[in-house]
There are 2 protein chains.
Amino acid sequence: MKIAIAQLNPIVGDLTGNAKLILDAAKNAAVAGAKLLLTPELCLVGYPPRDLLMNPSFIEAAGEILQQLAQDLPQNLMVLVGTVTPNPHAVKQGGKPLFNSVALLENGKINQFFHKRLLPTYDVFDEDRYFEPGEISEYFTIGIHKIGVTICEDLWNNEEFWGKRSYACDPFSDLAKMGADLVVNLSASPYSIGKQKLREAMLRHSVTRYGKPIIYTNQIGGNDDLIFDGSSFALNRLGEVVCLVAAFQSDFALLEYAENLRDLLPSVIKPVCESSDAEIWEALVLGVRDYVRKCGFSKVVLGLSGGIDSALVAAIATFALGAENVLGVLMPSPYSSDHSIKDAEELAQNLGISTQIIPIGELMKVYDQNLAPLFAGTNFGLAEENIQSRIRGNLLMAISNKFGHLLLSTGNKSEMAVGYCTLYGDMNGGLAVISDVPKTRVYSLCEWLNSGELGTTLLPLLRGGGGGLITNYPKEIIPVNILTKLPSAELKPGQFDRDSLPPYDILDDILQRLVEKHESAKQIVAAGHDETVVKRVVQMVMRAEFKRRQAPPGLKISDRAFGTGWRMPIAKVSVH
Amino acid sequence: MKIAIAQLNPIVGDLTGNAKLILDAAKNAAVAGAKLLLTPELCLVGYPPRDLLMNPSFIEAAGEILQQLAQDLPQNLMVLVGTVTPNPHAVKQGGKPLFNSVALLENGKINQFFHKRLLPTYDVFDEDRYFEPGEISEYFTIGIHKIGVTICEDLWNNEEFWGKRSYACDPFSDLAKMGADLVVNLSASPYSIGKQKLREAMLRHSVTRYGKPIIYTNQIGGNDDLIFDGSSFALNRLGEVVCLVAAFQSDFALLEYAENLRDLLPSVIKPVCESSDAEIWEALVLGVRDYVRKCGFSKVVLGLSGGIDSALVAAIATFALGAENVLGVLMPSPYSSDHSIKDAEELAQNLGISTQIIPIGELMKVYDQNLAPLFAGTNFGLAEENIQSRIRGNLLMAISNKFGHLLLSTGNKSEMAVGYCTLYGDMNGGLAVISDVPKTRVYSLCEWLNSGELGTTLLPLLRGGGGGLITNYPKEIIPVNILTKLPSAELKPGQFDRDSLPPYDILDDILQRLVEKHESAKQIVAAGHDETVVKRVVQMVMRAEFKRRQAPPGLKISDRAFGTGWRMPIAKVSVH
């Protein structure tokens with residue numbers, strides 16, 4: 001029996017478009033002779049739909065489109081479609097008005113609904129806000145074979161694997177007891193570094209514990225801050241990977257379920273990223289491409305300072321959108337070093353993107369003159385530094401508004417953490433491409449990029465101004481000087497990051513402990529960090545909350561990014 | 001038996017400071033001969049603590065401070081303290097690691113814990129993110145009297161009152177069955193228009209249904225976007241209000257529980273706001289005062305355009321902080337009308353606040369010159385309009401950075417809804433004071449303010465530049481011309497809001513239906529609105545999401561504000 005995986009890239013809220021994605025995949029599956037097609041969690045509405053779920057008209061429309069889809073699908077193919085359904089008992093029994101469901105469509109009808117039981121309500125997830133948990137696990141049958149249905153988090157409660165329970169029940173265990181022959185999972189599991197290894201290890205543990213093979217179908221695509229990597233896969237009863245679909249792209253795969261063995265047979269296995277740098281790179285490229293596309297843009301603009309952060313973002317944008325769709329703007333001030341312009345121009349040349357130069361010295365002068373009566377007797381300081389950054393932010397937004405280019409912001413996670421960035425200045429943008437990438441990782445990504453390991457598959461995207469392919473692909477995309485010079489905001493003469501911040505390797509370790517591992521200041525000091533430095537960093541992180549609250553959405557690649565999964569009060573006293 | 005209510009204003013995270021507030025109230029209660037003191041929900045940590053709860057060191061510190069508080073409290077006084085406690089069964093049984101609890105402290109010890117059972121996870125609330133629901137309702141005894149303990153939402157599930165259940169169980173009903181003589185509730189219930197009437201009606205229904213009197217203790221104070229109005233109250237067994245504490249200020253009240261009657265006797269009843277305008281005014285004044293104070297600021301700056309929005313915000317800030325702590329900045333452009341400056345200056349004079357004038361014409365010219373090569377051949381448009389707004393935003397932030405004044409932004413809810421505002425321009429600020437106030441309400445608040453109904457109690461805050469009281473309090477605080485002229489952004493010649501937007505009474509009605517009532521476009525049209533207008537408004541609201549995502553926190557006064565309780569995807573297709 002053939003089973004197909006449709007690893008789809010839905011647009012949140014686009015019921016018609018998403019239904020068409022499912023229908024197209026179903027036609028492929030039918031042609032390939034599949035008996036069953038799997039799609040990702042909530043793929044009819046796109047994940048995460050968030051407060052769109054609070055519009056009754058949206059829920060109604062989803063129901064209608066599901067009915068229509070059932071009628072449009074090829075005959076003799078069963079399709080599991082992730083969608084949202086009303087909870088009919090909500091008013092009488094209490095409970096949330098919706099279920100996070102899977103519908104089984106077959107021969108023009110909706111045959112059965114399955115409801116997600118374990119609702120993640122941590123990090124970026126808010127499922128208890130919308131959904132009532134399903135009460136029981138259920139299966140459907142194909143011939144004599146029982147196919148147990150689970151939805152994403154339903155499989156993330158193997159207490160042996162985690163060393164603790166996160167929820168009272170375990171749907172995999174329940175389905176095993178019910179005699180399921182095969183367990184399928186429809187997921188929308190966002191990417192974070194190394195996540196796929198974790199998924200495989202966890203499911204391998206469950207598969208071997210219960211002796212049931214599993215097919216895991218994940219969503220792919222960027223939706224605001226979240227990047228879904230896909231990487232759908234299947235494990236046979238021994239816990240061996242028998243199928244692995246592509247990461248970071250839409251894909252389709254066909255699996256063979258051997259009815260006599262009640263197990264999955266080896267099928268296609270796509271190559272995986274060879275390093276975490278490669279993985280992060282792919283994630284960010286996808287995140288940019290989809291955000292730009294799904295917001296209705298095609299071109300982007302960004303400031304090129306000659307520094308490493310904007311260099312990396314420019315490279316990501318170029319690979320995501322093509323060089324002809326990226327505009328770099330150089331805005332030197334009297335405090336800019338000579339090499340800044342040269343480095344930025346070399347970068348732009350390497351990438352094949354066009355540039356504009358708008359010096360800001362005169363604007364700085366006029367601001368100073370206009371503020372002189374008010375600022376008389378005060379010294380040059382943060383206010384004057386920020387003015388420069390905000391002049392640049394204003395120019396970039398003017399270009400964005402004039403030409404319809406989406407502005408990308410280029411701040412990294414280390415800066416965002418300690419507030420070493422200017423609100424309404426360099427923080428400006430529709431998307432913060434690397435705001436979850438620590439500075440040390442910015443370096444390693446650029447070094448990886450320069451190492452040439454990116455391979456040749458993505459090179460066609462690197463186009464010259466005329467739309468032709470770059471034939472002389474530069475050995476080093478990021479100019480060496482950008483990698484080797486001391487980081488500087490260049491907002492006053494002789495300014496370097498190291499004068500205001502601890503060395504980045506130390507800062508990033510403290511930040512990772514504080515932000516991702518929830519360590520206390522005491523624990524971080526016990527790990528070997530200087531107490532004064534730790535206290536200062538903690539204070540900077542807590543005080544910078546007002547900036548982060550107004551930051552653009554930032555692509556999430558870590559277990560805890562600033563953004564929807566970081567909900568910190570601004571007016572507070574902080575104990576660490 | 002005397003029971004005291006401490007209506008406290010904690011600072012989120014300030015364990016030491018909050019413990020001191022409780023201790024001071026307890027000393028007062030002891031002196032007054034009270035047997036029992038009630039405090040608000042989570043008042044040891046401040047509500048809402050949000051992700052501070054994810055720092056294990058914070059939870060540990062809260063436990064230690066609670067122990068210390070128990071020892072410091074006066075003898076022979078029972079104190080119910082809202083705090084957070086660990087869930088010891090989380091790891092083994094699955095579940096969230098914390099409870100939202102109440103501790104009963106008496107004679108140096110923690111005698112008992114009560115756990116919140118109904119956890120709100122809608123609008124601004126995320127309690128399922130942190131807390132495990134308590135399994136049962138419990139009471140404690142004073143002599144032969146059983147005092148049932150509930151926490152905020154625990155009382156919001158009277159299905160007879162609401163016409164539906166929101167949760168499976170009803171703690172009030174459970175406590176009544178257990179024979180409670182009195183039910184106490186520790187709340188942190190945020191303000192919205194008319195909320196207190198709703199609370200009284202709901203609890204009156206429960207009290208008469210079960211025949212048990214109730215004492216409801218609410219938090220007061222502004223915490224980021226949320227304003228807690230206090231308005232703690234008590235109902236006797238007949239559902240009569242026997243005690244009502246002040247709204248919008250810290251307060252302390254003493255109640256008498258008649259042991260023979262098993263009922264509460266009439267006690268103090270403080271006056272209430274006489275109109276919704278008065279109520280909103282008090283809420284916004286408190287919200288500004290607390291945000292500024294709790295963020296460590298004392299002074300604020302804002303742009304005065306001569307329009308009604310900035311006029312209202314200036315008035316609120318003046319009453320919240322005193323005229324000497326408010327700086328208004330006038331930034332006329334060549335497109336500003338003559339009366340703009342005059343109106344703004346008259347307003348500042350009425351309020352007694354100081355002003356600065358910084359014309360922006362020259363900066364506009366230099367931006368134009370700098371962008372001319374790039375913008376050649378394009379027409380004056382949105383890009384040029386936004387440049388002006390962003391010049392003003394830059395100047396205001398420079399003043400904020402230079403002098404440590406918090407910048408207040410002045411956009412109203414109607415603008416924020418349809419995106420009639422400039423990101424990084426007039427949206428700049430640490431706090432969006434009226435971003436939940438529709439334009440029509442902005443007018444009614446200003447008219448109410450001018451009517452003199454504000455009374456005399458708050459007048460001492462209106463100070464002249466020298467710190468002295470204003471003796472000649474102007475009849476009209478908001479100059480009449482500001483109230484009567486046509487709204488205009490004044491970003492190009494002859495520009496008026498009505499050229500870009502539907503009339504505000506129509507727009508605000510559509511927005512309220514769309515945003516607060518979750519009506520579909522079809523329903524809004526059916527209510528009598530023009531279909532083209534409705535569709536355009538819906539589209540504007542959906543497209544403006546990227547701006548709202550980067551807005552400062554805004555004070556919430558409605559049932560659905562943009563902000564923490566509005567979680568809309570940016571990259572999406574919207575069905576209405």
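1. Chain A has an open seven-strand sheet with mixed pairing, in the order β5-β4-β3-β2-β1-β14-β15. Its edge strands, β5 (109-115) and β15 (263-265) of chain A, each pair on one side only. Pairing here needs at least two DSSP bridges between two strands; strands are DSSP E runs of at least two residues, helices H or I runs of at least four, numbered from the N terminus.

2. Before going on: this is a predicted model, where local features need pLDDT of at least 70 and side-chain atom pairs count only at pLDDT 80 or more, while totals for chains, interfaces and linings use all residues. Residues are numbered from 1 along each chain as its sequence is written, chains are lettered from A in the order in which they are written, and side-chain values use heavy atoms, leaving out hydrogens and water.

3. Back at the sheet edge, β4 (residues 98-106) of chain A runs antiparallel to β5(A), and six bridges join them. A:Ser101 has A:His115 as its bridge partner in β5(A).

4. Now the symmetry. A turn of 180° with a shift of 0.0 Å along the axis lays chain B on chain A at an RMSD of 0.0 Å, which is the relation of a two-fold axis. The superposition is least squares on C-alpha atoms of residues with pLDDT of at least 70 in both copies. In chain B, B:Gln550 comes closest to the rotation axis, its C-alpha at 2.1 Å.

5. What classes of residue line the largest cavity? The lining has 15 nonpolar, eight polar and 14 charged residues, with Asp, Glu, Lys and Arg as charged, Ala, Val, Leu, Ile, Met, Phe, Trp, Tyr, Cys and Pro as nonpolar, and the others, Gly among them, as polar.
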